[in-house]
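Thanks for sending this one over. Here are my notes, written to be read with the model open beside you.

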Amino acid sequence: MAHAMNRSRKRTVWIALATVVPCIVAEPILGAESAAVDALSAGHGRVVPLVRQYCQDCHAGDLIEGEVDLSGVGSLDAVRSQVKVWQRVAEMVSSRQMPPPEADQPTDKERAEIGQWLHDFLKAEARARAGDP
């Protein structure tokens, strides 16, 4: 009888550990994820006016050139729903193909901020979608 109670206590300890440990381990991960989301949101807030200033004349409203519609840039959820478009934007901005030479150009600092945010955003999306078919 004592042996059975001992096994029962051990099993209870293991069940308790199996329940508590994932919560303890997940808390810092969720905290880091929350910090990453906050950083993306803050960066998004800084990039929105730049995209509106340098991109939306040709890529929003009635005029959508190159099938790149950036009219949803104000909403991070809308941006997240168009990852492929933003991959293309990142390529065009980093290679200096956009904005076109005849258009107003962002300063090097503004271009770097847009590029950094796009890099961080696309990296976060890749992580979030890892293993997603």
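The points below go from the overall fold to one residue and then to a pocket.

1. First, a reminder that this is a predicted model. The protein has four helices and two strands, and along the sequence they come in the order α-β-β-α-α-α.

2. On packing, 26% of the 133 residues are buried. Among contacts with a separation of 6 or more, 51% are between residues 24 or more positions apart. The accessible surface is about 9,400 Å², and carbon and sulfur atoms account for 58% of that surface.

3. Have a look at Val 48, which sits in helix H1, spanning residues 2–54. Is Val 48 buried or exposed? Its relative accessibility is 8%, so Val 48 counts as buried, the cut-off being under 20%.

4. What does Val 48 touch, once neighbours within four places in sequence are left aside? The answer is Val 73 and Gly 74. As a distance to check, the C-alpha atoms of Val 48 and Leu 76 lie 9.7 Å apart, with the two positions 28 residues apart in sequence numbering.

5. You may also want to view the second largest pocket, with a volume of about 310 Å³. It is lined by 19 residues, and those closest to its centre are Cys 55, His 59, Met 98, Pro 99 and Pro 100. H1 and helix H3 (83–94) are the elements that each give two or more residues to this lining, and H3 gives the most, with four.

6. As for the chemistry of that lining, twelve of its residues are nonpolar, three are polar and four are charged.

Methods. Residues numbered from 1 in each chain as written. Predicted model: local features only at pLDDT ≥ 70, side-chain atom pairs only at ≥ 80, totals over all residues. Heavy atoms only, no water. Buried < 20%, exposed > 50% of the residue type's maximum accessible area, 1.4 Å probe, protein only. Contact = heavy atoms within 4.5 Å. Areas by Shrake-Rupley, 256 points an atom, 1.4 Å probe, with all protein chains shown as cover. 1 Å grid on protein atoms, 1.4 Å probe; cavity = no way out; pocket = protein on both sides within 12 Å on 5 of 7 lines; lining within 4 Å. Points joined across faces, edges and corners; volume = space filled by probe spheres on them. Nonpolar A, V, L, I, M, F, W, Y, C, P; charged D, E, K, R; others polar.
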